[in-house]
Amino acid sequence: MKHILIIKAAVRALGLAALCLPMSAGAERLVILHTNDTHSAIDPSPDGTGGVLQRKAVMDSVRRAEKNVITVDAGDMVQGSLYFKYFRGDVEYPLMDMSGYDIRILGNHEFDNGMKDLAEKYRQVKGARLSANYDFSGTELDGVFEPYVIKKVGGRKIGFIGLNVDPESLISSKNINVRFKEIIPTANELASYLKKKKKCDLVVAVTHIGYVKENDKTTDVELAESSHDIDLIIGGHSHTLIDPARPDLYPSLVDNADGKPVRIVQTGKYGKYIGKVSIDLDRLPGADGSEISYELIPVTDRFGEESLDRRMLDFIQPYKEKVDSVNKRVIGQSLYDMSNSDRNGGLANLTADFGYWYGNHKADSLRAAGTDVGRVDLSIMNVGGIRQNMSAGDITEGQILSTYPFSNHFTIVSLKGSDIIEALRVGAKKGGEAVSGNVRVVTDDARNLVRVVIDGVEMDPAKIYTLATIDYVAEGNDDMRSLANHRKIWTDEVEVAAPILRWFESQKELGLPVAPDQTGRFQVEIK
């Protein structure tokens with residue numbers, strides 16, 4: 001008994017009890033390890049969680065303990081750190097292969113460098129590459145993806161389908177050229193084919209469409225509710241941490257069109273968790289989602305260096321030296337902790353206020369050069385373009401480049417107030433967007449837009465306003481479609497991070513900390 005207690009204590013200390021204990025004596029099972037939205041998080045986060053080396057160590061520990069393991073990634077494994085900013089996928093794609101992923105699908109950020117670059121990277125990728133609802137015919141990606149793959153495990157056939165997000169108003173049109181097929185009919189048709197024609201015992205949809213409803217696009221929940229033959233959904237895109245211990249927050253079981261439970265799983269973001277799905281193969285076919293077990297494995301620093309993959313360590317080192325050098329250069333200081341997930345607060349305010357100041361600075365220069373342009377009336381930036389938190393204390397060059405990693409450019413446009421109001425109506429339903437300090441967006445308790453106030457006056461739908469934003473938003477992306485109805489006045493030549501860096505440095509030279517207004521600019525109406 002004492003020996004057993006010691007073993008159990010050691011297992012708990014490692015946080016890997018589920019990796020070591022069998023489901024039931026004599027049962028053969030399939031284990032699916034899955035990740036999503038790792039976003040170039042090669043190194044661990046400041047809190048010590050995540051990191052590609054520790055993630056691989058967890059996967060290897062499961063592979064040693066289990067006979068049948070399939071590893072799956074649900075997209076957006078790039079974009080969000082200096083590794084992608086500087087090396088454009090040359091780090092992430094090889095590391096994914098070294099990690100031994102068997103199946104992967106595209107996220108929206110895989111398109112950030114365009115389809116030609118993506119094709120060059122993805123043609124080298126090992127394992128199954130799935131996409132059932134993107135038709136790449138006649139493009140650089142023609143022939144790179146298959147709609148499904150069937151894995152034979154323990155005498156059972158497991159079918160995997162790849163499903164991608166609707167790119168409209170999400171992926172810049174300059175980066176993608178694809179015929180999008182609607183998710184639910186495509187998924188149902190293919191799942192039926194796999195179950196009835198291919199005799200699959202289990203059908204898994206690997207998706208990058210999101211769990212949480214934010215716009216008019218299909219979610220994992222809606223896919224589950226509309227399905228007949230899908231048993232498991234491995235999702236991504238919304239950065240939702242579906243915790244089986246908190247079914248009240250994001251339910252992992254959703255009844256399908258026939259009243260049968262479908263299991264939905266997702267691991268949040270940045271590779272801080274690995275999802276582990278366990279399926280008793282002896283119970284197939286016929287097991288529903290409630291018989292598919294699911295847990296989250298935290299990725300921490302519990303593995304010592306001797307347990308890390310030496311080949312991966314050696315591969316990362318030269319890239320890491322470059323990244324570390326940039327991350328060490330202090331360019332400013334913040335008085336506050338600011339979160340990139342706060343849609344109506346400090347970091348969003350800082351970004352929009354900078355856009356307002358920078359837009360007017362450029363408008364002044366344009367007027368001096370003879371261009372007929374008035375002052376900028378307001379600024380709108382997308383919160384989705386802010387990718388990192390900003391902690392109180394020193395701010396480094398690397399942190400700014402990681403916070404604003406995209407190849408976007410500041411732009412000045414003119415358009416009707418009605419188009420701005422419509423864009424802010426969409427932003428209000430999401431919980432906010434980044435707007436300049438002279439703007440207040442007034443809503444009701446249900447986040448429905450009541451009015452937009454600018455400089456203390458209600459915005460006039462018929463008036464033409466001058467807006468500072470970024471080219472991605474001006475195209476109507478991030479669901480702010482009405483902003484595409486603009487007339488372009490000016491677009492910057494450099495990416496957004498460059499002038500923001502210069503501004504931080506100027507504040508440091510003046511001995512000033514960064515202390516943005518923390519007041520929410522999307523406010524509930526007083527009655």
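Two strands count as paired if DSSP finds at least two bridges between them. Keep that in mind on this tour of a predicted model.

**Stop 1: strand β16**

Select residues 378-381, strand β16. Colour by burial. Leu378 and Ile380 lie on one side, Ser379 and Met381 on the other, and all are buried. Both faces of the strand are thus covered.

Now add residues 464-470, strand β23. The two strands pair in the parallel sense, over two bridges. Pick Ser379: its bridge partner in β23 is Ala468.

Next add residues 434-435, strand β19. Here β16 has an antiparallel partner, again joined by two bridges. Pick Met381 and look for Ala434, its bridge partner in β19.

**Stop 2: the four-strand sheet**

Select β22, β21, β20 and β25, in that order across an open sheet with mixed pairing. Which strands stand at the edges? They are β22 (457-458) and β25 (522-524). Each has a single partner strand, so one side of each is left without a neighbour in the sheet.

Zoom in on β21, residues 449-454. It runs antiparallel to β22, with two bridges between them. Val453 faces Glu458 of β22 across this pairing.

Then show helix α12, residues 417-430. The helix packs on the sheet and touches β20 (439-443), β21 and β25. Its direction makes about 120° with that of β21.

**Stop 3: the six-strand sheet**

Select the strands β4-β3-β2-β1-β13-β14, listed in sheet order. This sheet is open too, and its pairing is mixed. The edges are β4 (128-130) and β14 (293-298); each has a single partner strand, so one side of each lacks a neighbour in the sheet. Look along the sheet for the twist, which averages 20° from one strand to the next.

Focus on β1 (residues 29-35) and β2 (residues 69-73). They run parallel and are joined by five bridges. One to pick is Val31, whose bridge partner in β2 is Val69.

Now bring in helix α3, residues 52-65. It lies across β1, β2, β13 (273-280) and β14, at about 175° to β1.

**Stop 4: the nonpolar core**

The largest nonpolar core holds 153 residues. Which members touch the most others? Phe111 and Phe160 do. Helix α10 (residues 346-368) gives the largest share of this core, eight residues.

Select Phe160 and show its contacts. Beyond residues up to four places away in sequence, they include Ile32, Ile70, Val72, Leu130 and Val206.

**Stop 5: the rings**

Show aromatic side chains. The count comes to 19 aromatic pairs. One of them is Tyr134 with Phe180, edge-to-face, at 6.3 Å centre to centre and 65° between the planes. Tyr134 lies in strand β5 (residues 134-135) and Phe180 in strand β8 (residues 179-180), so the pair ties together parts 46 residues apart in sequence. Both residues are buried.

Widen the selection to Tyr93, Phe111, Tyr122, Tyr134, Phe136, Phe145 and Phe180, a cluster linked by ring pairs. Then jump to Tyr86. Lys322 lies over the face of this ring, 4.9 Å from its centre.

**Stop 6: Thr186**

Finish in helix α7, residues 183-197, and select Thr186. Buried or exposed? Thr186 is buried because its relative accessible area is 14%, and the cut-off for buried is under 20%. Outside its neighbours within four places in sequence, Thr186 contacts Ala132, Asn133 and Lys181.

Technical notes
Residues numbered from 1 in each chain as written. Predicted model: local features only at pLDDT ≥ 70, side-chain atom pairs only at ≥ 80, totals over all residues. Heavy atoms only, no water. Buried < 20%, exposed > 50% of the residue type's maximum accessible area, 1.4 Å probe, protein only. Contact = heavy atoms within 4.5 Å. Axes fitted to C-alpha atoms, helices over the stretch in contact; angles between N-to-C directions. Phe/Tyr/Trp six-rings, centres within 6.5 Å; stacked < 30°, edge-to-face > 60°. Lys NZ or Arg CZ within 6 Å of the ring centre and 35° of its normal. Core = buried A, V, L, I, M, F, W, Y, C linked by side-chain atoms within 4.5 Å.
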